[in-house]
Amino acid sequence: MSKDYVSIIDVKHHLGEEVTIGAWVANKSGKGKIAFLQLRDGTAFFQAVAFKPNFLEKFGEEVGLEKFNTIKKLNQETSVLVKGIVKEDTRSKFGYELDLTDIEIVGESEDYPITPKEHGTDFLMDHRHLWLRSRKQHAIMLVRNEIIRATYEFFNQQGFVKLDPPILTGSAPEGTTELFETDYFGQPAFLSQTGQLYAEAGAMAFGKVFTFGPTFRAEKSKTRRHLTEFWMIEPEMAFVKHEESLDIQEAYVKHLIQAVLDNQSYALEVLERDTSLLQNYLDQPFKRVTYDDAINLLQEKAADNDYEAIEWGQDFGSPHETFISNYYGVPTFIINYPKAIKAFYMKPHPTRDDVVICADLIAPEGYGEIIGGSERATDYDYLKDKVAEYGLSEAEYGWYLDLRKYGSVPHSGFGLGLERAVTFITGNEHIREAIPFPRMLHRLRP
Ligand code: 4AD
Ligand code: MG
């Protein structure tokens, strides 16, 4: 925003002063001798009021008859320069409004497609480039931005180095069925599913690192939790065992919730998020249960619930995750899954052959998995066998095996899906609104 203009978010510092604001007309109302403009400038939304000259013996400031008529005719999303006096407005959540003294049209707007009436999701998604302007979408993006800011804050405070993994890779560490393949000068390349293997190399060079970047899964699943392109934060820590990693995960997620509560309370209000629930997640320790116990619980409670029956060895479906997290009412770690349903790089259990040292963090209120993490296998021969067993090529993973050849140490890490965290913290229904331009099974545009 130009230094000549005041941002809406800053009008509180200009009470009683005449200011100029560059904005768009989000909505317009009022009758006859009074006009209300809902203005937005990217920082916030608030109301400007214009009175018809001589209305009630000059009730407010005057804009002049010509300007008043201009205001009456303004279309939605017209861009304007408005001048006015900042007043307190105890009736609005925002707390301030503008008594208009002048207005100038900057850019006209004809037939803006997203009107205040209800629209279907497909229509809104087709107009995502415009939908982002609306109050709710704006609030979600501010929360997303706060989570990103707080992520850097947390890991910087804890002495982590940010390390950027490549996006174009030759490997498929999270399974070969979900790859986007592209031609790389005559050889196949894949869009990265995870930065983890590179983060592990980083941990051996810097001790504690985190990655943050886009990751890709060619998932055909059409659920409210899946994107084909999503952003992941992946910390990786040398000399850190699994228990300590869980403590860091809990502290990190609590830091994100606290930061959003502290710095985006207005956005949470717009989103009508029940903040007492968020506060409760801060006040309680996260629950930790083993996969075995979770299976037992699901089997025990099956008669009273309508999720599908589940056997030891199977992965949870979202109804199972929903049940578990609702049952405990706080974010819940499910620990030590069966080896057969997890990635090749996880550390085998010291006394059991059938499980690995790992955990998923399941968010409450039905939001499901937001973190997947594990301690990593450290033994060269074990991992070499796993690479072969999972049908991965040794040529592709030779560099990764090297990390176990030259000073292998215990290490752990995890991945938090940014959009899953945004969906959970904002209390939103669907992950597609947690990213500016979502990529999903049937959505590549805009
Ligand atoms: O559980 P995932 O697949 O784990 C990994 O990729 C590990 N390499 C992470 C690590 O240990 N460094 O994915 C991690 C998280 C999930 O918990 C979920 O939050 C998110 O990434 N995620 C998705 N988010 C949106 N759409 C999808 N299709 C997602 N798949 C995973
Ligand atoms: Mg997972």
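This is a short walk through the strands, helices and packing contacts of the structure above.

Okay, one thing before we start: what we have here is a predicted model.

Let's begin with the big sheet topic. There's an open sheet of eight strands, in the order E6-E10-E11-E16-E15-E14-E13-E12, and the pairing is mixed. Which strands stand at the edges? Those are E6, at 161–162, and E12, at 287–290; each has a single partner strand, so one side of each has no neighbour in the sheet. If you go to the E6 end, E6 pairs with E10, residues 208–216, in the parallel sense, over two bridges. You can find the register there from Lys162, which sits opposite Phe210 in E10.

Now, what packs on that sheet? Helix H4 does, touching E6, E10, E11 (229–238) and E16 (411–417). The direction of H4 makes about 155 degrees with that of E10. Then there's helix H6, residues 242–263, which lies across E11, E12, E13 (332–335), E14 (358–363), E15 (368–375) and E16. H6 runs at about 30 degrees to E16.

So much for the helices on the sheet; on to the aromatics. Searching the whole structure turns up 29 aromatic pairs. One of them is Phe155 with Tyr252, a tilted pair, 4.8 Å centre to centre with 50 degrees between the planes. Why pick that one? Phe155 is in H4 and Tyr252 is in H6, so this pair ties together parts that are 97 residues apart in sequence.

Staying with H4, let's look at its other helix contact in my notes. H4, residues 135–157, and H13, residues 418–426, have axes that come within 10 Å and cross at roughly 120 degrees. H4 and H13 are therefore oblique to each other, and the crossing is right-handed. On the H4 side you have Ile140, Val143, Arg144, Ile147 and Ile148, and on the H13 side Leu418, Glu419, Ala421, Val422, Ile425 and Thr426. Sorted by class, that contact has eight nonpolar residues, one polar and two charged.

There's a second helix pair to show you. H11, residues 380–389, packs with H12, residues 394–402, at an angle of about 155 degrees, the axes being 11 Å apart. How is H11 oriented relative to H12? Roughly antiparallel, on account of that angle. This crossing is right-handed as well. The residues that meet are Tyr380, Leu383, Lys384 and Val387 from H11, and Glu394, Tyr397, Tyr400 and Leu401 from H12. The class count for H11 with H12 is six nonpolar, no polar and two charged.

Last topic: some other strand pairings. E5, residues 96–107, pairs with E3, residues 45–51, in parallel, through three bridges. Gln47 has Glu97 of E5 as its bridge partner. E5 also pairs with E4, residues 79–88, and that one is antiparallel with ten bridges. For a landmark, take Leu81, opposite Glu104 in E5.

Then look at E9, residues 187–191. E9 is joined to E7, residues 168–169, by two bridges, antiparallel, with Leu168 partnered by Leu191. E8, residues 181–184, is antiparallel to E9 too, over four bridges, and Thr182 stands opposite Ala189. In the E8 and E9 hairpin there are two residues between the strands, and Phe185 takes a positive phi near 50 degrees.

That's my tour, thanks.

How values were computed. Residues numbered from 1 in each chain as written. Chains lettered and ligands numbered in written order. Predicted model: local features only at pLDDT ≥ 70, side-chain atom pairs only at ≥ 80, totals over all residues. Heavy atoms only, no water. Axes fitted to C-alpha atoms, helices over the stretch in contact; angles between N-to-C directions. Parallel < 35°, antiparallel > 145°, perpendicular 65-115°, else oblique. Left-handed = near helix turned anticlockwise from the far one by under 90°. Contact = heavy atoms within 4.5 Å. Nonpolar A, V, L, I, M, F, W, Y, C, P; charged D, E, K, R; others polar. Pairing = 2+ DSSP bridges. Phe/Tyr/Trp six-rings, centres within 6.5 Å; stacked < 30°, edge-to-face > 60°.
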